Amino acid sequence: MKIENLICHRMPERSFFYKGHQFPVCARCTGIYLSLITMPLLKILNLKFTTLIVVGIILLIPMIIDGTTQLLGKRESTNNLRLITGFFGGIGTIMVALSVKLILWGI
């Protein structure tokens, strides 16, 4: 296993290409990494624990459904759908992580 595969599987059929060059991560990971730009905004909003955890879980659901139905062979997802669900799933992950931080450290 290559070290870069620990970050993302980088399957060509699940990745975007620009001018013939494959993105360094797949479409879903591209969305997840793009969602990191929302972290400062979420911190500034200073949302309460219940809002963070509930909205975070809701934002994760589409990515979980998309990935699971594809994994089970029920359907094949598209790169655009992977990007969108990855983006919102990434925001959801950040929100859940911030709520865990509130539980553990109360900060």
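The legends below describe views of a predicted model of one protein chain.

**Figure 1. The whole chain combines helices and strands.** The secondary structure of the protein chain comes to 4 helices and 2 strands. Along the sequence these elements follow the pattern β-β-α-α-α-α. The C-alpha trace spans about 45 × 30 × 25 Å along its principal axes. Of the contacts with a separation of 6 or more, 66% are between residues 24 or more positions apart.

**Figure 2. Surface and charges of the chain.** The chain has 107 residues, and buried residues make up 31% of them. Its accessible surface comes to about 7100 Å². Carbon and sulfur atoms account for 73% of that surface. The chain carries 11 positive and 4 negative charges, and the mean positions of the two groups are 10 Å apart. The count of salt bridges comes to 3, and the next views show them in turn.

**Figure 3. Arg28 and Asp66 form a salt bridge.** The side chains of Arg28 and Asp66 meet with an N to O distance of 2.4 Å. This pair links distant parts of the chain, since Arg28 lies in helix α1 (residues 27-35) and Asp66 in helix α3 (residues 49-71). The two residues are 38 residues apart. Arg28 counts as buried because its relative accessibility is 17%, and the cut-off for buried is under 20%. Asp66 is also buried, with a relative accessible area of 2%.

**Figure 4. Asp66 also pairs with Arg75.** In the salt bridge between Asp66 and Arg75, the closest N and O atoms are 2.4 Å apart. Asp66 is buried, at 2% relative accessible area. Arg75 has a relative accessible area of 32%, so this residue is partly exposed.

**Figure 5. Glu76 and Arg82 form a salt bridge.** The closest N and O atoms of Arg82 and Glu76 are 3.0 Å apart. The two partners differ in how they are covered: Arg82 is buried, at 2% relative accessibility, whereas Glu76 is exposed, at 53%. Glu76 counts as exposed because its 53% is over the 50% cut-off.

**Figure 6. Arg28, Asp66 and Arg75 belong to one network.** Salt bridges that share partners join these three residues. Asp66 takes part in the bridge to Arg28 and in the bridge to Arg75. Within this network, Arg28 is buried at 17%, Asp66 is buried at 2%, and Arg75 is partly exposed at 32%.

Methods. Residues are numbered from 1 along each chain as its sequence is written. This is a predicted model: local features need pLDDT of at least 70, side-chain atom pairs count only at pLDDT 80 or more; totals for chains, interfaces and linings use all residues. Side-chain values use heavy atoms; hydrogens and water are left out. A salt bridge is a side-chain nitrogen of Lys or Arg within 4 Å of a carboxyl oxygen of Asp or Glu. Buried means under 20% relative accessible area, exposed over 50%, partly exposed in between (1.4 Å probe, protein chains only). Contact means heavy atoms within 4.5 Å. Accessible areas come from the Shrake-Rupley method with a 1.4 Å probe; for residues, only the protein chains shown count as cover. Lys and Arg count as positive and Asp and Glu as negative; His and the chain ends are not counted. The place of a charge is taken as NZ of Lys, CZ of Arg, CG of Asp or CD of Glu.
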